[in-house]
Amino acid sequence: MKTHHFTCIKCPLSCQVELIEDTGTVLEIKGWTCNQGEQYALDEFSNPLRMLTTTIRVTEGILPVVPVRSRAPLPKSLIPDCVSVLSTTEIEAPVMCGQIICCNILDTGVDIIASRDLERRP
Ligand code: SF4
């Protein structure tokens, strides 16, 4: 048996939730105050997801980089590989907020989009 500790981030109460499992089978979840905390621990154990925010290089822009983000949460385990893909991605200005920078990154079904407008250099 193994106990995993999670801090629920669904509200400011930050309940300390414990998930006890045995070879992948969840035996007990405790420490939560409401059902959201129980589900949060289950999700964190079985398929943790994270939003991705980073920057990518821009050519001919008024700034050298533009902030980008995932349109939806991505599997946490794929975040380093997604960042690696984006570290070699370069686009040409102008950039529009919401513009798709990388479609279906790593076959996750999630697009990476620009978080702001970026004008072209005069
Ligand atoms: S378990 Fe419920 S009360 Fe506790 S932090 Fe999560 S959302 Fe808030």
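**Exercise 1.** Determine which residue of strand 3 is the bridge partner of Ile20, and describe the pairing to which this bridge belongs.

*Solution.* In this predicted model, Ile20 has Glu28 in strand 3 as its bridge partner. Ile20 falls within strand 2, which covers residues 16-22. Strand 2 and strand 3 are paired in the antiparallel sense, over five bridges.

**Exercise 2.** Establish the order of the strands in the sheet and identify its edge strands.

*Solution.* The sheet is open and consists of three strands in the order 1-2-3, with antiparallel pairing. Strand 1 (2-7) and strand 3 (25-30) are the edge strands, since each of them pairs on one side only. On average, and with direction ignored, neighbouring strands of the sheet are turned by 25 degrees against each other.

**Exercise 3.** State which strands helix 1 touches and give its direction relative to strand 2.

*Solution.* Helix 1, residues 35-46, packs on the sheet and touches strand 1, strand 2 and strand 3. The direction of helix 1 makes about 50 degrees with that of strand 2.

**Exercise 4.** List the residues around the ligand and classify the shell by residue character.

*Solution.* The ligand is surrounded by Cys8, Lys10, Cys11, Leu13, Ser14, Cys15, Trp32, Thr33, Cys34, Gln36 and Gly37. The shell comprises six nonpolar residues, four polar ones and one charged one.

**Exercise 5.** Give the domain bounds of the chain and the separation of the domain centres.

*Solution.* The domain assignment places domain 1 at 2-46 and domain 2 at 53-114. Between the C-alpha centres of domain 1 and domain 2 there is a distance of 31 Å.

Key
Residues numbered from 1 in each chain as written. Predicted model: local features only at pLDDT ≥ 70, side-chain atom pairs only at ≥ 80, totals over all residues. Near = placed C-beta within 6 Å. Nonpolar A, V, L, I, M, F, W, Y, C, P; charged D, E, K, R; others polar. Domains from an automatic or database assignment. Pairing = 2+ DSSP bridges. Helix = DSSP H or I, 4+ residues; strand = E, 2+ residues; numbered from the N terminus. Axes fitted to C-alpha atoms, helices over the stretch in contact; angles between N-to-C directions. Contact = placed C-beta atoms within 7 Å.
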